[in-house]
Amino acid sequence: VTGAARALLRSAHDCSHGGLGVALAEVAMGRPYQAAGFSLDIDLTTHHPSLTAVELLFSESQARAVITCARDQAAAVAALAHELGVPAFRAGTVGQAEGTVRIRLRDALVEHPVGDLREVYFGAIPRRMGD
C-alpha cells in the first residue's frame, strides 16, 4: 500500500478467505476488542451481473479487497485507484456503531444485526471449548 493510500484508507480486507461476503462481514464486525461493529449499507445489484448471488458473495478469487474510507475521501480514493490502474467499485457506506449489515443483490437481500455477527464470529472458539 502506498503512502497516499495509507493516508486515505480506514480499513482493508482481502476477499481471498471467504469472498466478498466474508470481507464485508469483517468490515462490519470490526476488531474483537472494540466495543461494537458498524452498520453497512451495500448495493451489489449492478456489480458483476453475470454472477449468481452465491458466486458474487463467496468467490475467493485473488487480488480483490474491500476498503473503507471517510465519506469525504471517497472521490480521492477513486481517483487514486484510477491513477494506479486499479479497478474500483463503490458498493455502499459504513454507518454508525451496531445497526445492521444490509447487502442488496439482484435477486436477494441479506440483512443481519452486527451484534449477532460479532457474537457468532468472535464467540466461535469459546463455544467450541465449552466456555
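These notes cover a strand residue, two helices and three positive phi angles in a predicted model.

1. Ser39. This residue belongs to strand E2, which spans residues 38–43. Its relative accessibility is 16%, so Ser39 counts as buried; the cut-off for that class is under 20%. Leaving aside residues up to four places away in sequence, Ser39 touches Thr93, Val94, Gly95, Gln96, Glu98, Gly99, Thr100 and Val114. Check these contacts in the viewer with Ser39 at the centre.

2. Helix H4, buried side. H4 runs over residues 74–83. Ala74, Val77, Leu80 and Ala81 are buried there. Why can these residues be said to line one face of the helix? Viewed down the axis of H4, the buried residues fall within an arc of 125 degrees, so they line one face.

3. Helix H4, other side. Which residues are exposed on the other side of H4? They are Ala75, His82 and Glu83. Set against these, the buried residues include Val77 and Leu80.

4. Gly85. This glycine comes just after H4. Its phi is positive, at about 75 degrees.

5. His48. Most residues other than glycine have a negative phi. His48 is not a glycine, yet its phi is positive, at about 50 degrees. Where does His48 lie? His48 sits in the loop between E2 and helix H3, the latter covering 53–58. With 44% relative accessibility, His48 counts as partly exposed. The partly exposed class falls between the buried limit of 20% and the exposed limit of 50%.

6. Ala63. Here too a residue that is not a glycine takes a positive phi, in this case about 65 degrees. Ala63 is placed in the loop between H3 and strand E3, which covers 65–69. Is Ala63 buried or exposed? At 86% relative accessibility, Ala63 counts as exposed. H3 thus has one of these loop residues on either side: His48 in the loop between E2 and H3, and Ala63 in the loop between H3 and E3.

7. Met129. Helix H6 covers residues 124–129, and Met129 lies in H6. Met129 has a relative accessible area of 64% and is exposed; the limit for that class is over 50%. How far apart are Met129 and Ala35 in sequence and in space? They are 94 residues apart in sequence. In space, C-alpha to C-alpha, Met129 and Ala35 are 23 Å apart.

Technical notes:
Residues are numbered from 1 along each chain as its sequence is written. This is a predicted model: local features need pLDDT of at least 70, side-chain atom pairs count only at pLDDT 80 or more; totals for chains, interfaces and linings use all residues. Side-chain values use heavy atoms; hydrogens and water are left out. Helices (H or I, at least four residues) and strands (E, at least two) are DSSP runs, numbered from the N terminus. Buried means under 20% relative accessible area, exposed over 50%, partly exposed in between (1.4 Å probe, protein chains only). Contact means heavy atoms within 4.5 Å. The arc is that of the directions from the helix axis to the C-beta atoms.
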